Amino acid sequence: MFKKQILFVMGVSGSGKSTIGKLLADTLNIPFFDGDSFHPEANVKKMSEGHPLNDDDRQGWLERLNEVGIENLSTGAVIVCSALKQKYRTILGHNLENKHQFIYLDGSFELIDARLNKRKNHYMPKGLLKSQFEILETPTEALSVSIDQSPDEIVNEILEKL
């Protein structure tokens, strides 16, 4: 049985966070939140112009996602966001009473690059993928799942590990 908690589904752009997060939330019957929808307009504009976000750009966004987690502690929720650095994950997990879990969607640059070639209408250009891999601090505290399988298989593996 699922212990009510906040599940942060994380990874670089193109790793399948939204797809897996929605499927996981539906399976667990808990709310789903796409972290991208909480970015301020300035962040979206910066990324759409091909510039990577810096830590200062992300600070308020991460704090807002943490608030969403706190607001949903009683029901549990799935929140998807990149959370590429440990300090970002620290901000996301602040005051969540140890009732949260990070789920890292792990995939190679080549696999994710090929996926991004097929993705349409996303504000983050494919050219920023390299910068995401460069700043990625692979989490040691997260459940790690390979994305080299179907979405259903990924969710089943996550549920087994939870």
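Okay, Lys87: this lysine is partly exposed, with a relative accessible area of 46%. Keep in mind that we're looking at a predicted model.

So who does Lys87 pair with? Its side chain meets that of Asp55 in a salt bridge, 2.6 Å from N to O. Asp55 sits in helix H3 and Lys87 in helix H4, so this contact ties together parts that are 32 residues apart in sequence.

Now stay on Asp55 for a second. Its relative accessible area is 24%, which makes Asp55 partly exposed. Asp55 also has a salt bridge to Lys85, and there the N to O distance is 3.1 Å. Where does Lys85 lie? In the loop between strand S3, residues 77–80, and helix H4, residues 86–93; Asp55 is in helix H3, residues 55–71, so here the pair links parts 30 residues apart in sequence.

And Lys85, buried or exposed? Buried: the relative accessible area is 16%, and the cut-off for buried is under 20%.

Right, next pair. Glu97 makes a salt bridge with Lys99, and their closest N and O atoms are 3.4 Å apart. On the acid side, Glu97 is exposed, at 53% relative accessible area. On the base side, Lys99 is partly exposed, at 35%.

Back to the earlier trio, then: Asp55, Lys85 and Lys87 are joined into one network by salt bridges that share partners.

And how many salt bridges does the count come to? It's 10, with a side-chain nitrogen of Lys or Arg within 4 Å of a carboxyl oxygen of Asp or Glu as the rule. The ones I've shown you include Asp55 with Lys87 and Glu97 with Lys99.

Key. Residues numbered from 1 in each chain as written. Predicted model: local features only at pLDDT ≥ 70, side-chain atom pairs only at ≥ 80, totals over all residues. Heavy atoms only, no water. Helix = DSSP H or I, 4+ residues; strand = E, 2+ residues; numbered from the N terminus. Buried < 20%, exposed > 50% of the residue type's maximum accessible area, 1.4 Å probe, protein only.
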